[in-house]
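Me: I'd like a close look at one single part of this model, and then how that part fits in with what surrounds it. Could you walk me through it in plain words?

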Amino acid sequence: MPRTQSAIRQMRKNERRREINRRNRSRLRTAIKKLRAALQAGAVEEAKQLLPRTLSIIDNSVHKGILHRNAAARYKSRLMAHVHRLIRASSTVTQAQ
């Protein structure tokens, strides 16, 4: 346990930061999971709506230091590719009919 007054304050501060970081990381993971679930289900409209929101959350996570910028770029690239592939597949199905 911390003994000095400054160490006690630092411990309280670390705990607050930890909670904030956990909330932000959870928000990021939930957004990515929702988008991936929409992609898996083939819900084109839902995926279109979730994509910009998810990309924004990813960018905010980089800014807050939760995610490395290269990891964020990789997530964004792969998610956009999946969404565009789903859109393209759904448009070819509707054109064939």
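Reply: Let's start with Asn 24, which sits in helix 1. Keep in mind that this is a predicted model. Asn 24 counts as buried because its relative accessibility is 15%, and the cut-off for buried is under 20%. If you skip its neighbours within four places in sequence, Asn 24 is in contact with Lys 64 and Ile 66.

Now for the empty space. Asn 24 helps to line the largest cavity, along with Arg 27, Leu 28, Ile 57, Asn 60, Ser 61 and Lys 64. So Lys 64 turns up twice: it is a contact of Asn 24 and part of this lining. Helix 1 and helix 2 are the elements that each give two or more residues to the lining. Sorted by class, the lining has two nonpolar, three polar and two charged residues. The volume of this cavity is about 40 Å³, and the count of cavities of 30 Å³ or more comes to one.

From the lining we can step over to the nonpolar core. Leu 28, one of the lining residues, is touched by Ile 58. Leaving out residues up to four places away in sequence, Ile 58 also touches Ile 32, Leu 67, Ala 72, Tyr 75, Lys 76 and Leu 79. The largest nonpolar core has 19 residues, and Ile 58 is among those that touch the most other members, together with Leu 35 and Ala 47. Helix 1 (5-41), helix 2 (44-63) and helix 3 (69-96) each give two or more residues to this core, and helix 2 gives the most, with seven.

Definitions and conventions:
Residues numbered from 1 in each chain as written. Predicted model: local features only at pLDDT ≥ 70, side-chain atom pairs only at ≥ 80, totals over all residues. Heavy atoms only, no water. Core = buried A, V, L, I, M, F, W, Y, C linked by side-chain atoms within 4.5 Å. Buried < 20%, exposed > 50% of the residue type's maximum accessible area, 1.4 Å probe, protein only. Helix = DSSP H or I, 4+ residues; strand = E, 2+ residues; numbered from the N terminus. Contact = heavy atoms within 4.5 Å. 1 Å grid on protein atoms, 1.4 Å probe; cavity = no way out; pocket = protein on both sides within 12 Å on 5 of 7 lines; lining within 4 Å. Points joined across faces, edges and corners; volume = space filled by probe spheres on them. Nonpolar A, V, L, I, M, F, W, Y, C, P; charged D, E, K, R; others polar.
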